[in-house]
Amino acid sequence: MRKVYPYLFLLPSLTLLTAVYLYPLADLVRTSLYDAHTLAGLKAFVGLANYRLIMSAEFLDVLWKTLVWVGLSTPAAMLVGLAGALLLNQEFRGRNFLKVMAFVPWTIPHAMIAVFWRWLIHPYYGMANHVLLSLGWVAEPLNFLTVDSAMFTATGMRVWKGAPFALITLLAALQTIPREMYEAAEVDGAGPVRKFVSITFPMIRGIFLTTALVTTIWAVVTFDMLWVLTEGGPLRATEILPIAIYKKAFFLYKAGEACAMGVVGVILVALLGVVYFISLKGTKE
Amino acid sequence: MATMGGRRWLIVIGAVMLDVALFIPLYSGLIGSLTPGDHIGSPSLYPRYLHWQNFVEIWQKVPLAKYMVNSMMYAGAACAIAVVAALPAGYSVSRFRFVGRHGFLFLILTTQMVSVSMIIIPMFRSLIAMNLFDSAFAVIVTISAMPVPIVVWLLKNYFDTIPVELEEAAAVDGCTRVGALFRILLPVSIPGVVTALIIAFTTTYNQFFIPMVFLSSESKYPALVGVYTMAAELVPPWHLVMAASLVVLIPPLVVFFVCQRYVMGGLTAGAVKS
């Protein structure tokens, strides 16, 4: 009996995780092999046909959009977060207050963030255009959500959300660096840049890497924020993988193809996850 | 020393500017929420109006009260389910060494990476198969799984800090394993359990995608989906959308400010440890 206890205790959480994550994950792979309708269900086994169907220019474009979205937002969020962490790692009064305030964007639900951004960048009512017009930097109100600009605007919003997370984790890492290391370097005549390159960055490299990976994974699977901001538009300009999957399944009802795209996404995230685990191991040693 | 003082000021100014930049979207939302509907077309950098009436109208013109009650209900029930399910698991991996323990912990980490946006179709298929479309129950159960991985980790780490001798002493006195969990370990673990509840509440309150896909009746919408529906209109009443958005932010913000030490501590625990 005593040997069964540990397993019995796992049952509630295992049941929940199986029902909500693991079974759907298996069903994702299965459905991807069928000609399936989102509402009517599975029709016929088609093998890998769905994968052939999705390998079109359209899907490559979706992957490209996803890459641009991740490639722009993650490094920018990491850089802003690092800059903020370096600033807040200095001693001054009110530092803790600024640190807590800087973290506020992280606590706001994704869907709400996008609502606030839509208002901020509204062509006629928004504060952003009001400032640009008042300063005389633009003659006409700017549309921040055109085919060309929407991705950059969306990226800005993502950075606004992601930078505070990077800031907090990097700041925690910075605060573990012993002050004596800097004092020793100063004795040797090291300047601020030299200190950053030789001490600061090597000391926080592990946390920097894991934070960047988590931020990357979160960016790849973003739905809420982008859906509320643009619904993937205009003209698919911000249609990254999760948005494309949703549209394929719930607008076109092509569940089989949508699941094939989902499998591609899961593999993508799994690859990033493997790198994440390796880096976690690396920082522990 | 004079140059040091100058550098110090640059740092403070930089940090303040970063914070100000981070608050711009919320500030512009606040101004919008205080502007009368017929003046919404003339934006301003500072609040020219203090039209608090908007915060009254949102309860009358929009079923915001209904949305908020739904949100609190879904998040409240789901966070309770999550913690009740995760608690024994956290206890088990903290106190026992058994075959499959590492496997379970790995599974927990893995599920944290499976995103809803990738498996939304199979989730929806199960929903249809069980005839649970448009059911609040299905939303609650599904979102209750979202915080389970992090809550298991959190509770495991918390239990790890409590000396096992407490329970061993109880066992000597004839207390069973389950008895020891409830009578000895839980009472001293209240802070850990509260942190778990807080994190689970914020996670479930913030869910948008699942209720949006699972529900069709507006009367069942949680606040996030309700406000999104308002903002998705062709010509949204922006002054009311902003007022409603700010009200919707209140629960997570209150939780954050009351518990910011716990929340930020939980996030950075991994960073400091390694």
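**View 1. Helix α12 of chain A and its buried residues.** In this predicted model, the buried residues of α12(A) are Leu241(A), Pro242(A), Ile243(A), Ala244(A), Ile245(A), Tyr246(A), Lys248(A) and Ala249(A). The helix spans residues 241–250 of chain A, and eight of its 10 residues are buried, so the rest of the structure largely encloses it. Keep in mind that "buried" here asks for 20 or more other C-beta atoms within 10 Å of a residue's own.

**View 2. Chain A as a whole, for orientation.** Zooming out for a moment, chain A has 13 helices and two strands. Taken along the principal axes, its C-alpha atoms fill a box of roughly 75 × 75 × 30 Å. Of the 285 residues in chain A, 46% are buried. If you look just at contacts in chain A with a separation of 6 or more, 70% of them come from residues 24 or more positions apart.

**View 3. The hairpin of β1 and β2 in chain A.** Strand β1(A) covers residues 34–37 and pairs with β2(A) in the antiparallel sense, over four bridges. Three residues make the hairpin connection from β1(A) to β2(A). Two of the pairings can be picked out by name: Ala36(A) has Leu42(A) as its bridge partner in β2(A), while Asp35(A) sits opposite Ala44(A) in β2(A). Strand β2(A) itself runs over residues 41–45, and zero of its five residues are buried, so it lies largely in the open.

**View 4. Gln90(A) in its loop.** Gln90(A) belongs to the loop between α3 (57–88) and α4 (95–102) of chain A. It has 14 C-beta neighbours inside 10 Å, so it counts as partly exposed; the buried class would need 20 or more. For a sense of distance, try Val269(A): it is 179 residues away from Gln90(A) along the chain, and the two C-alpha atoms are separated by 36 Å.

**View 5. Helices α7 and α10 of chain B, side by side.** Here α7(B) (residues 148–160) packs on α10(B) (residues 190–205) at an angle of about 165°, and their axes are 10 Å apart. That angle makes the pair roughly antiparallel, and the crossing of α7(B) past α10(B) is right-handed. From α7(B) come Ile150(B), Val151(B), Leu154(B), Leu155(B) and Tyr158(B), and they meet Gly192(B), Thr195(B), Ala196(B), Ile199(B) and Ala200(B) of α10(B). Sorted by class, this contact has eight nonpolar residues, two polar ones and no charged ones. As for the spacing in such lists, an α-helix has 3.6 residues a turn, so residues three or four places apart point the same way.

**View 6. Where chain B meets chain A.** The contact draws 72 residues from chain B and 75 residues from chain A. On the chain B side, helix α1 (residues 2–33) gives the largest share, with 15 residues. By class, the chain B residues that touch chain A split into 51 nonpolar, 17 polar and four charged.

Methods:
Residues numbered from 1 in each chain as written. Chains lettered and ligands numbered in written order. Predicted model: local features only at pLDDT ≥ 70, side-chain atom pairs only at ≥ 80, totals over all residues. Contact = placed C-beta atoms within 7 Å. Nonpolar A, V, L, I, M, F, W, Y, C, P; charged D, E, K, R; others polar. Buried ≥ 20, exposed ≤ 12 C-beta atoms within 10 Å, placed from the backbone. Pairing = 2+ DSSP bridges. Axes fitted to C-alpha atoms, helices over the stretch in contact; angles between N-to-C directions. Parallel < 35°, antiparallel > 145°, perpendicular 65-115°, else oblique. Left-handed = near helix turned anticlockwise from the far one by under 90°.
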